[in-house]
Amino acid sequence: MTDPRPTTGQWKAIRDLERHLTVSAGAGAGKTWVLTERYTTMLAGRPLILPPLELEAEGQAGVAPSRPGQIVAITFTKEAAGEMKARIRERLSRWKADAEDEDKRQIALLQEEVERAVITTIHGYCSELLRQYPLEAGIDPQARVLEESEAVFRLEEAVREALDEGLSREDAGVLALLTEYGYEPLVRHVMEFYPSVREQTEDFAGMATQTLAKLDELQAGLAPAVETLEKLLRNVLSVDLDALDGKKGSVARALRLRAEYPEISRTLANWRDSGWEYLPEIGVLLEELTAGWGTLVKELKPDVNALKAHVPTLSRHIVPSGLRETVVHLSQLLQEIHILYTEKKTRDRALDFTDLQNLAVRLLQRADVRNWQAKRLRFLMVDEFQDTNPVQKRLLDALTEGNDDLRLFVVGDAKQSIYRFRGADVQVFLDTQDEVGRSGGEHVALAHNFRTQEPIIAFVNRLFELLMPETYEPMQATRPAAHSRPMIEVLHLTEEPGSVEQKLAEARTVARRIREMVGRETLIPNHDGTLRSVQYRDITILFSAMTHVYIYEHALQQAGIPYYIVGSRDFFRRQEIFDLVSVLQVLVEEMDTVARIGALRSPLFGVSDEALYWLGREGLVAPDWTQLPNWHRLAPDDQAKLTRAQTLFRLWREEKSYKNAAAVLTSILQHTGYEQALFLTFGGDQKVGNVRKLLEIAHEQPAERASVLAFLSDLQKRIDGEVKEEDAQVESDQSDVVKIMTVHKSKGLEFPVVILPDMARTFNLSEGGKFRYDPQRGLVPSFTENDAWNEFGYSTLLSEENKAKALAEERRKLYVAMTRARDYLLLVGTRALDKKTPPTLEDSRWFGWLQAAEVEKWEGVKWVHLGAQEDVMTTEVSVDGFQTDAAINGDAFANTEPTGDAVFAIDSNFAFVETSNQGNFAPDEHRNESAVSLEPRDVTVHIPASLAAHFPLLGPIQPRPDEIPGLTLSVSALLTYFTCPRQYYYKYALRLPELARPLEDTQQISLFDAVEAVEEPNLTPTELADTDAEHDPTVRGTLVHRVLELLQHPADLQPLLHRALTERKIVGEEAQRWIPLLTGDIQRYTESRLFREVQAATEQHSEMMFRLLVGKHAITGIIDKLYRKPDGRAVVLDYKTNRITRRQLNRTAHHYTPQLQLYTLVAEQLLGWHVERAVLYFTALDAEADVPVTPADLEEMQSRLHTACDHIARHDGETDFPQTEETGACGRCPYQLICRGDMLS
């Protein structure tokens, strides 16, 4: 693969190793590629790529090569660090492949060293530094890093202990704070403030001293401020008031002031004589001076306006004694909390993330440590520097101090700084730019955008030149428009936002718009310049805040749209977690009726509410439910469920006495089939992922917290404390689902279609906490009881500054959100058209900025006005003289024509308001009509009794096709079903344990196709059995697939083999026994024509995870390899490690045909690729076998998939899943004993 020529800016960032550099990398500027190339340039001493054409004549002077151990590369997230290391690995492999033989050994050594290189987050680097110098840092060498939730628990314990101890000794400071704020609010405010202030200082006594000194300075300005006030009052009164119309409000107010002035003057004089001791009447006086003026007459306007402007300035100089006392009391409390919290961490032999940073800074302030680092390091690279906080800047300064040979390279973009809530300060990046410039370094701007089509870039540039007029650096587009249609669409719901109903209406509009796009609108460019239709996987919904995401989830579920919330942090609030917690609570506390109800009603047992009613509160905790007087009233299925539940509760209660929580949870899942039940619900794969994550958390508990009681207690703390924990990740970027995430989570990512909903949401520009810290001003408290004090001191000034910073960050957040889009940008907001005050560019809503900029009038923007209607419209249906109401929800029949006399009202929630040059959601010219689904959805028809009597068949008897529940099936499960439906039933429906060793996936016979004429009988188990009994065939298959996933060049074979074995923890002599077997398989492949074709591919996907929609159902799996040849035609490649003979090749390939046809459907439907060939490669034989993938074959496969999924969804009885008629497939079935017994009976 040939590397592209860099731009001039990229070339400078890659090549210039001899001076400090700061780089501004705009959105889509190829920053990660630049970082990778610069890193390898440091290793090689010269760039590995060609320069820009305009600089080719300059030559490429190099520097001395470096080793990975001489470079520190710091990224913002672990994921970014992993991606950078992976890219460096890949780059070194390509360098090695093109290198001369004498250089290959040196490059191989670099490859090994890169695996140990410092490419990590700032916390990862600090942790590594502290491990190197534990004694110098004063920490336990075995100290661990607390999880965020653990740190929160320990801190809360420390806060409550400090308060309780203060109460017990009647500490005046604690009592005063509790009087002002209350106990629980004070706990909350301190827990919010303590972690953030530690980023600035841990010297709380020094903080108090600094703050009091600043308050003294502030109060020193009070005397001149009062003198100015008196002067301004005299100016107002110097106006000839008697000559003015006393009936006018402002004149009357001035006359009243004249009458009150002597008393006001005496009050100010007394205040001066008291030494400026604040009294409540002073606050009342100042407030009254600015009130009641109304519309000013011209004679009074300048003086009164000056008076109004001065009063807030004067108020800031007022320092009540209570404010000073609060500063002292709070600082003392924080110091006590800090001591207690530190003691708890010491007992736990643990550190938190802030400890890592602060201790590392102190460590580097030691001359011996700093000198050792200076000798070792040559280069320091820091990514995402715009999101650095001051303590992290101090760490970097400590690294570079006194090390003249260390070269600093920082990359960031001030326009993308959106982490103020974590303490990030964009000013740090800007100050560093100035410092580097003063030290002889240089600033480089990367303005070219390689991500987004030109019309979207032009739109973003135009908008942000208005929103950031002084600082915005325009992007330069490199991708021309792929078509002439608008790529920016605005859906304007013309209602005032705010109510849940209106938010739901907006969410449904978004869902309908997605349905309009998917499979219909050709908006996404292929590599050959053609356009393909939008798929779910192309769409990402970005939220500024996830407050109302549940409303959008509801709308997406109603519309049958698959989605996945990326980075959702509601793990401990999920129902599946509550269900399992309820069962554990029953085991620990037998008399807990609430827990029993929760467990019994859940899918774990499925007991009906009617049964629970008849049991009653007393009966729920009875030792034997069958002996209760109301037992006979229960339905038979409820009796069976309750009997089973009682048996299982006894079993698990016994198990918890000798098993840990993880083992008990495993038993619960095994005995109830809970995971399979979840799989059958909407979003089942996510719910099962969460269940398995809970199991992992249980497994990871240390011995002292592994019991059921201890684990349950820990879970309850996390639930009650509303600990934020991410859901399990079950979807990949290749899954065909709509992604939902925050703008923050989207940093560094890109998506074909970006939707920004809820753009009329009002920003919350205030800071919720009562305590703030400013490096220049110290501790700034706000007050609850004495709320008048919030106008004094630095509070209002700091609030104004923070409000301005928050508004600037909202602009940057919008920039980040919009620049994630590659091909289409959809903006959605609800705001009334008839606002009296038109929006401005200072508006507190994103949508207001669009309106203020008059985006509606811009060329290339499709702005659609949607007017509100009823949520469900009802109309009359006439059938042969009978009348009824039909309420039809959604766009059920939007593409069908009414027939006969029936009249259907289609609810779209919003009616289109015609605007010039706009049109509908989906103009006909870019729809793929062949993909339009005509199946009705969400139809509710209300039939009156009179009509039902005449037309009894109108009553629902059987479920409609659109009522079949949606399933998520793995490829393995589906192939098991086609091999033998009964085996599927035993394994996936009943979740029975396997009684014999099952066939591995790479050996399992699929009877997907019934072949009437086959020359030889089906493969027997003996023929399919592995010929090498010493090596587990499943492990062998896994290892071969792992190496082939990563293999790019034959020279990488041995390093990749060792890596794959190490990942499986196969080392030493055991690894040596594996290597010859694996080498033979893979070596043959590297010498094959097929491998050379893969190497020449223009695009490829390895181990591609997918989610293919089949009606309401979804099939998930992983494809070994998909690639496109230079001519644009695609190939599906699947590796098989079966030990078979050449005589068996054709028959074996026949049984894998359905799998390859399924993968072909994935390639064509999800990627839009035209598949020329689907091939099985058998590694043991170095043999290829083609699978038929003609349109007719794929159409038949699509039909079979629908039939199979619908059958599985509709049926749940054993007899509904017949045994296979191909008895040759039964030889190694893990359920053959059960099955044979059934046949014998």
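The exercises below work through parts of a predicted model, each with a stepwise solution. Residues are numbered from 1 along each chain as its sequence is written, and side-chain values use heavy atoms, with hydrogens and water left out. Because the model is predicted, local features need pLDDT of at least 70 and side-chain atom pairs count only at pLDDT 80 or more, while totals for chains, interfaces and linings use all residues.

**Exercise 1. The largest nonpolar core**

Find which residues touch the most other members of the largest nonpolar core, and explain where this core lies.

Step 1. A nonpolar core is a set of buried Ala, Val, Leu, Ile, Met, Phe, Trp, Tyr and Cys residues joined through side-chain atoms within 4.5 Å, where buried means under 20% relative accessible area, exposed over 50% and partly exposed in between, with a 1.4 Å probe and protein chains only.

Step 2. The largest such core has 82 residues, and those touching the most other members are Phe459, Leu463, Ile514 and Met818.

Step 3. This core lies between domain 1 (8–143 + 355–449) and domain 3 (467–566 + 736–767 + 796–866), because both give residues to it; the domain bounds come from an automatic or database domain assignment.

Step 4. Apart from this core lies another, of 74 residues, including Val197 and Tyr794.

**Exercise 2. The six-stranded sheet**

Work out the strand order of the open sheet of six strands, and identify its edge strands.

Step 1. Helices (H or I, at least four residues) and strands (E, at least two) are DSSP runs numbered from the N terminus, and two strands pair if DSSP finds at least two bridges between them.

Step 2. The order is S3-S2-S6-S7-S1-S8, with parallel pairing.

Step 3. Strand S3 (118–121) and strand S8 (442–446) each pair on one side only, and are thus listed as the edge strands.

Step 4. Within the sheet, S2 (residues 71–75) pairs with S6 (residues 379–382) over four bridges, and Ile74 has Val382 in S6 as its bridge partner.

**Exercise 3. A hairpin**

Describe how strands S12 and S13 are joined, and what is found in the turn.

Step 1. Strand S12 (residues 522–525) and strand S13 (residues 531–533) run antiparallel and are joined by three bridges.

Step 2. One partnership links Ile524 to Arg532 in S13.

Step 3. The two strands form a hairpin with five residues between them, and Gly529 in the turn has a positive phi of about 95°.
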